[in-house]
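Subject: Structure handover

Dear colleague,

I am passing on the structure we spoke about, with the sequence alongside, and would be glad if you could look through it before reading my notes.

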Amino acid sequence: MSHEGIRFVSAEEAEKQNAQEHPLSKDATEPLKVRVDKTGGTGMEIDWRDGHKSSWTFAWLRDACPCATCHDERDKAGRKPGVPKPKPASLLPMYTAPVRPKEVSPVGRYALKFVWNDGHESGIYSWDYLRRVCICTECASSNPAPRPPA
Ligand SMILES: [Zn+2]
Ligand SMILES: [Zn+2]
């Protein structure tokens with residue numbers, strides 16, 4: 001039995017490989033305008049240099065956190081970025097505050113960092129990542145990321 005040719009790649013490596021094989025143009029990953037509706041709590045919108053527009057709810061972005069911990073958790077559960085964790089069937093519905101960022105700050109010129117109201121803050125959302133998880137109808141058909149529940 002030969003195992004030659006079988007190679008195990010981590011999700012991170014696979015993502016890197018995917019990024020190398022399907023590079024996005026510079027204009028596609030450069031934001032012209034970024035609107036973060038922290039006070040209204042609706043979400044974030046980005047106008048890209050290539051004319052494309054993306055928008056996400058905060059809840060979606062929180063569930064798409066690209067940090068290693070969240071990534072692994074999603075990977076193990078087979079969840080795609082933006083898909084919420086299944087709620088435990090508890091006897092009493094627990095009140096959870098709507099997801100909102102407490103702080104949003106730029107990381108260099110390539111990413112945004114969110115400090116969420118649940119205390120989580122290890123996710124660095126690069127422009128490249130955000131463009132790849134765009135959930136507009138146009139991208140939803142070609143992206144692996146699903147659309148958020150209505
Ligand atoms: Zn995370
Ligand atoms: Zn799109």
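The notes below go through the metal site, the nonpolar core and the salt bridges in turn. Please keep in mind throughout that this is a predicted model.

I begin with the zinc ion (ligand 2), whose protein donors are His 52 through NE2 and Cys 134, Cys 136 and Cys 139 through SG, lying 2.0 to 2.3 Å from the ion. The angles among the four donor atoms are 100 to 120°, and the site is tetrahedral. Along the sequence the donor residues follow the spacing H-x81-C-x1-C-x2-C. Two of these cysteines can be set side by side: Cys 134 is buried, with a relative accessible area of 0%, whereas Cys 136, at 21%, is partly exposed, because buried means under 20%.

Cys 134 also appears among the contacts of Trp 56, which, leaving out residues up to four places away in sequence, include Met 44, Leu 61 and Leu 130 as well. These names return in the largest nonpolar core, which has 20 residues, and in which Met 44, Trp 56, Leu 61, Phe 114, Tyr 125 and Leu 130 touch the most other members. Two or more residues of this core come from each of strand S2 (43-48), helix H2 (58-63), strand S5 (111-116) and helix H4 (127-132).

Ser 126 is found in strand S6 (residues 124-126) and counts as buried at 18% relative accessibility. Setting aside neighbours within four places in sequence, Ser 126 is in contact with Tyr 110 and Ala 111.

Turning to charged pairs, a search of the whole structure finds 11 salt bridges. In one of them, Arg 131 pairs with Asp 50, with the closest N and O atoms 3.1 Å apart; the two residues are 81 apart in the chain, Arg 131 being in helix H4 and Asp 50 in the loop between S2 and strand S3 (53-57). Arg 131 is buried at 12% relative accessibility, while Asp 50 is partly exposed at 37%. Another salt bridge joins Arg 62 and Asp 118, whose closest N and O atoms are 2.8 Å apart. Arg 62 lies in helix H2 and Asp 118 in the loop between S5 and S6, so this pair ties together parts that are 56 residues apart in sequence. A further pair is Lys 85 with Glu 73, at 3.2 Å between the closest N and O atoms. Finally, Arg 35, Glu 45, Asp 47 and Lys 53 are joined into one network by salt bridges that share partners.

With best wishes

Definitions and conventions. Residues numbered from 1 in each chain as written. Chains lettered and ligands numbered in written order. Predicted model: local features only at pLDDT ≥ 70, side-chain atom pairs only at ≥ 80, totals over all residues. Heavy atoms only, no water. Donors = N, O, S within 2.8 Å, 3.2 Å for Na, K, Ca; no water. Tetrahedral: all angles 85-135°; square planar, octahedral: opposite > 155°, others 65-115°. Buried < 20%, exposed > 50% of the residue type's maximum accessible area, 1.4 Å probe, protein only. Helix = DSSP H or I, 4+ residues; strand = E, 2+ residues; numbered from the N terminus. Contact = heavy atoms within 4.5 Å. Core = buried A, V, L, I, M, F, W, Y, C linked by side-chain atoms within 4.5 Å. Salt bridge = Lys/Arg side-chain N within 4 Å of Asp/Glu carboxyl O.
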